[in-house]
Amino acid sequence: MTATLQRTTGHVMPIDKSKYKQLKLDYPSDKVLRITFDRPDTYNSLDEVGHRELAYIWRDIDDDPSINSVILTGAGKAFSSGGDFSMIEKVIDDFDYRANTWKEARDLVYNVINCSKPIISAINGPAVGAGLVAGLLADISIAGKKAKIVDGHTRLGVAAGDSAVINWPLLCGMAKAKYLLLTCEAINGEDAEKIGLVSLCVDDEELQEKALEIANKLATGAQSAIRWTKYALNNWYRMAGPTFDTSTALEMLGFTGPEAREGLAAHLEKRKPNFPSDSPL
């Protein structure tokens, strides 16, 4: 009710930047918020703090009447390199931590989907994990030609549960989605645009300028029309909610098994994983 009253009276309630430690927030243009993954020394990996911030910032954005559009990008040479290994170890070893991570993973997806403001992602370099979730769920996704998009869940030894089941088949078709998710093959920006996984691909040096151009266009457009169109289109994702919920649950179940332990060990030791050839399924 408070947020409604503030909107009605025209009072602006800006996001409290101090709440966010790993996401850099700035305003490159009027009514345009830019969120930057800001750990370039780790290729913008997300630890538990960054993961939580990314999951819940969309609620603050939705409640801030001074924001009409959002840009999501990464500092330095990467968009985001996914969750760091210490977080994965905790997910494997600690039930309470695993259950909370499952909740945050679901909240991240649904909060992006339900955020009324249009989101533009500018995908620069490697894009993996939770960062890629937000990048591909964005309403308009723009990749640089050198972008490297990969969902590596099955290589880690768990089901692809971050968000791919809810949106990849819609974006690029079931055949391509299965191929990329089962094999964990990386795809560059140009190929991602060709198959429809991203909206646009541009030269890397033009990426930020193009993202801002589109963000400004949306920020100065008919807000009700834009937001209601987004809401209606995202009902495709909402209808896939039960399928997505299953995928995240199976991902978390996988973290309790031997394949995830071997997958993590292989990543840490920089070797090919040696998964068991048989399965109880």
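**Entry 1: F244 and its partner**

I looked up F244 and found that F244 counts as buried, because its relative accessibility is 0%, in what is, I note for all entries, a predicted model. I then asked how many aromatic pairs the structure holds, and the count came to 2. In the pair to which F244 belongs, the ring centres of Y110 and F244 lie 5.5 Å apart and the planes stand at 85 degrees, so I wrote this pair down as edge-to-face, the cut-off for that label being over 60 degrees. Y110 sits in helix α4 (residues 95-114) and F244 in helix α13 (residues 241-254), so the pair ties together parts of the sequence that are 134 residues apart. Is Y110 buried or exposed? I recorded Y110 as partly exposed, since its relative accessible area is 23% and buried would require a value under 20%.

**Entry 2: F37 and F79**

For F37 and F79 I noted ring centres 5.3 Å apart and planes at 85 degrees, so that this pair is edge-to-face. The pair links distant parts of the chain, with F37 in strand β2 (residues 32-37) and F79 in the loop between β3 (69-74) and β4 (80-81), 42 residues apart. I checked burial for each ring: F37 counts as buried at 1% relative accessibility, and F79 is buried with a relative accessible area of 0%.

**Entry 3: α3 against α14**

I turned to helix packing and looked up helix α3 (residues 85-93) with helix α14 (residues 258-269), whose axes come within 11 Å and cross at roughly 160 degrees. Because angles over 145 degrees count as roughly antiparallel, I entered α3 as roughly antiparallel to α14. The crossing in which α3 passes α14 is left-handed. Which residues make the contact? On the α3 side I listed F85, I88, E89, I92 and D93, and on the α14 side A260, R261, L264, H267 and L268. Sorted by class, the residues of this contact are 6 nonpolar, 1 polar and 3 charged.

**Entry 4: α5 against α7**

I next took helix α5 (residues 129-137) and helix α7 (residues 164-172), which pack with their axes 11 Å apart at an angle of about 45 degrees. That angle makes α5 oblique to α7, and α5 passes α7 in a left-handed crossing. From α5, I found L132, L136 and L137 meeting I166, N167, W168 and L171 of α7. By class I recorded 6 nonpolar residues, 1 polar residue and no charged residues in the contact of α5 with α7.

Technical notes. Residues numbered from 1 in each chain as written. Predicted model: local features only at pLDDT ≥ 70, side-chain atom pairs only at ≥ 80, totals over all residues. Heavy atoms only, no water. Axes fitted to C-alpha atoms, helices over the stretch in contact; angles between N-to-C directions. Helix = DSSP H or I, 4+ residues; strand = E, 2+ residues; numbered from the N terminus. Parallel < 35°, antiparallel > 145°, perpendicular 65-115°, else oblique. Left-handed = near helix turned anticlockwise from the far one by under 90°. Contact = heavy atoms within 4.5 Å. Nonpolar A, V, L, I, M, F, W, Y, C, P; charged D, E, K, R; others polar. Phe/Tyr/Trp six-rings, centres within 6.5 Å; stacked < 30°, edge-to-face > 60°. Buried < 20%, exposed > 50% of the residue type's maximum accessible area, 1.4 Å probe, protein only.
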